[in-house]
Amino acid sequence: MAQFGSAYTSERRLNFAQSFNPPGTIVGVVIGARYIFSGIELTRPQIAAMREAGTYAKYLHGELMRVVPTYIALGAIVLLFGLLLSRMEFPSIAGEHEHEQGDHGSFRALLHYPHLWLAVIANFCNVGAQVATWSSLIPYMKQFTGVSERVAAGYLTGTLVAMALGRFFSTHLMKYVSASRLLGIYAATNVVLLAYAITRPGMHGAYAIVASSFFLSIMFPTIFALGLKDLGPNTKLAGSFLVMAVAGGAAFPPVLGLIAKETGSVAKGYIVPLFGYVVVALYGLVVRRITARDRQRGEVS
């Protein structure tokens, strides 16, 4: 998608294409809230009584097994789509900068593009912050607002709605504000929102976390497109490193959980995604300058 047209508008194309992802995710959350959460939330005295009666393990097993039929059904739907896609023909896409001899670039060449590696770091922190922000919203609300899991799951759905709105609105806004500047502004806004959620835990803090999804909406596609600027035949190889940066989504949540466990506060754990957004904000601030310098260096060489 980044190569389907002018490099100047690649950020807008990627954001527009990814605007259609959140509706599918919303459906998944709604299904999970309806069929995985039983709505049964035992009090401590009830748990103690069930343990004495020897029925607590059976209850936990039943709660766990609610996941199985839901995931089997979703897996079957994905498999069906996979079969349909396997029967479709797609055009062969050659990179606009690839040489006729099929030059796909090299890792050594990528070492000369600092703006790519900054994008990889920014994307690692961005995805980590995004996953940590969402995965801890329900525990945050249960600890500080007292709502049920199903009600909290409704707020999680709200984050996805905010994300969809953010992508559609921001794609249009990028006609007037540069993508890198907008990225920096949005990331800085999320730093403020999470700082509020950390220092003022409660319902308003939960609203701040939900609102942060509007501003994180553009981060992945924008960082991805900015990282691929002016890489010539190295574009596809560079894209693989930006994709691998999603490993941040596996790194940040455990750290958040550890902090929450040690401090007894999920709110304090949100310092982890806040750090991620600080990194993204700094990236948005410097990326244009570094990309221009890399471009000049490439023209000289």
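Helices are DSSP runs of H or I with at least four residues, numbered from the N terminus. The model is predicted, so that local features need pLDDT of at least 70 and side-chain atom pairs count only at pLDDT 80 or more, while totals for chains, interfaces and linings use all residues. Residues are numbered from 1 along each chain as its sequence is written, and side-chain values use heavy atoms, with hydrogens and water left out.

**Exercise 1.** Determine which residues of helix α8 are buried and which helices they pack against.

*Solution.* Start with the helix itself, which spans residues 137–144 and has Leu137, Ile138, Tyr140 and Met141 as its buried residues (buried means under 20% relative accessible area, exposed over 50%, and partly exposed in between, with a 1.4 Å probe and protein chains only). These residues cover an arc of only 160° around the axis, taken from the directions from the helix axis to the C-beta atoms, which puts them on the same side of α8. Next, look for their partners: the buried residues pack against α7 (114–135), α9 (149–173), α10 (179–199), α11 (203–216) and α15 (266–269), where contact means heavy atoms within 4.5 Å. Finally, follow the chain onward, where α8 is succeeded by Gly146, a residue with a positive phi near 75°.

**Exercise 2.** Decide whether Ser136, in the loop between α7 and α8, is buried or exposed, and find its contacts beyond four places in sequence.

*Solution.* With a relative accessible area of 8%, Ser136 is buried. Once neighbours within four places in sequence are left aside, Ser136 contacts Leu256, Val266 and Tyr270.

Methods: Helices (H or I, at least four residues) and strands (E, at least two) are DSSP runs, numbered from the N terminus.
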